[in-house]
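Open the model in your viewer and keep the selection tool at hand. We will go stop by stop, with a word on what to pick at each one.

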Amino acid sequence: MNRLGVRNMITILRIDVSARKERSLTRELSRRFIDEWLKQRPSDKIVQRDIGLNPPPAVSEDWIAAAFTPEEERTKAEQATLQFSDTLIDEVEGADIILLGVPMYNYGMPAALKAWFDQVIRVNKTFSFDLARGDEPLEPILSGKHLVILSSRGEFGFEPGGVREHRNHLDPHIRTCAKFLGAVDDQHYRSGHFIPQVAVSCSAATVSV
Ligand SMILES: Cc1cc2nc3c(=O)[nH]c(=O)nc-3n(C[C@H](O)[C@H](O)[C@H](O)COP(=O)(O)O)c2cc1C
């Protein structure tokens with residue numbers, strides 16, 4: 001532990017969601033966040049997953065059948081079907097912080113992020129399911145992860161009490177899904193087109209791991 005109570009080496013899983021490579025505000029936020037972070041903690045590990053440029057596939061009938069087949073009974077073909085999901089889940093498992101650079105698309109999350117959540121929220125891998133638990137049969141298997149959302153949207157007023165709060169299906173959906181990865185958000189940095197100084201001030205210091 002260092003003087004901030006932070007473990008010596010932590011891993012940040014940086015996920016970029018924007019379909020834009022050029023002029024992307026959320027990519028700029030992620031980049032600045034990581035730059036600032038590494039200035040303060042150069043030994044930390046950054047794992048990058050670009051789902052904006054390389055979107056995960058949507059889950060299929062074969063995928064669902066394989067995921068619900070007990071691991072020890074899976075055929076080679078079923079194992080292969082889940083291989084990419086396994087890779088993405090390994091990245092989540094290894095992360096202390098999940099950093100999402102995510103735009104709002106049509107008042108919710110981009111399809112690439114939904115596809116990623118569908119690949120990583122997997123029965124008996126990242127959550128367990130037990131009807132004996134009554135109204136809440138799902139429980140996350142992972143825990144203790146921190147979620148940082150760096151987001152951008154063209155309109156304004158999506159914050160609590162804002163004029164478009166009722167149209168904000170992005171942040172609540174991310175939070176609900178992230179809970180099943182054992183991740184909760186410490187800070188949420190939202191931006192229209194005035195992000196850079198927010199990105200700088202949102203770096204390392206506010207997240208305790
Ligand atoms: C397909 C698409 C849908 C969008 N939908 C919304 C929306 O519902 N509400 C909004 O405020 N902005 C919307 N925007 C604007 C983006 O959120 C905004 O341009 C954001 O900066 C995009 O992220 P990026 O700069 O990282 O690419 C949309 C943009 C695109 C490309």
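## The whole chain

Begin with everything shown: of the 209 residues of the protein, 31% count as buried. Keep in mind that this is a predicted model. Colour by secondary structure next, and you should find seven helices and seven strands. Walking from the N terminus, the elements come in the order β-α-β-α-α-α-β-α-β-β-β-α-β-α. If you draw contacts between residues with a separation of 6 or more, 77% of them join residues 24 or more positions apart.

## Stop 1: strand S1

Select residues 11–16, which form strand S1. This strand is mostly covered, with five of its six residues buried. Now add residues 45–50, strand S2: the two strands pair in the parallel sense over six bridges. For one bridge to look at, pick Ile-12 and its partner in S2, Ile-46.

## Stop 2: the nonpolar core

Which residues have the most contacts inside the largest nonpolar core? Select Ile-98, Leu-99 and Leu-100; the core they belong to has 34 residues. To see what feeds this core, show S1, helix H1 (25–40), helix H4 (83–93), strand S3 (97–103), helix H5 (111–120), strand S6 (145–152) and helix H6 (171–179), each of which supplies at least two of its residues.

Then centre on Leu-99. Leaving aside neighbours within four places in sequence, Leu-99 is in contact with Ile-12, Leu-13, Arg-14 and Ile-15, and also with Ser-30, Phe-33, Val-148 and Leu-150. Ile-12 is the residue you just saw bridged to Ile-46.

## Stop 3: helix H5

Move on to residues 111–120, helix H5. Which of its residues are buried? Highlight Ala-112, Leu-113, Trp-116, Gln-119 and Val-120. They sit on the same side of H5, because they cover an arc of only 120° around the axis. The helical repeat helps here: an α-helix has 3.6 residues a turn, so residues three or four places apart point the same way. Show H4 and S3 as well, since both are among what covers the buried residues of H5.

## Stop 4: around the ligand

Finish at the ligand, which 15 residues surround. Label the closest of them: Ser-18, Thr-26, Pro-103, Gly-154 and Glu-155. Colour the shell by residue type and you get five nonpolar, six polar and four charged residues. Which element gives the largest share of this shell? Helix H1 does, with three residues.

Key: Residues numbered from 1 in each chain as written. Predicted model: local features only at pLDDT ≥ 70, side-chain atom pairs only at ≥ 80, totals over all residues. Core = buried A, V, L, I, M, F, W, Y, C linked by C-beta atoms within 7 Å. Buried ≥ 20, exposed ≤ 12 C-beta atoms within 10 Å, placed from the backbone. Helix = DSSP H or I, 4+ residues; strand = E, 2+ residues; numbered from the N terminus. Contact = placed C-beta atoms within 7 Å. Near = placed C-beta within 6 Å. Nonpolar A, V, L, I, M, F, W, Y, C, P; charged D, E, K, R; others polar. Arc of directions from axis to C-beta. Pairing = 2+ DSSP bridges.
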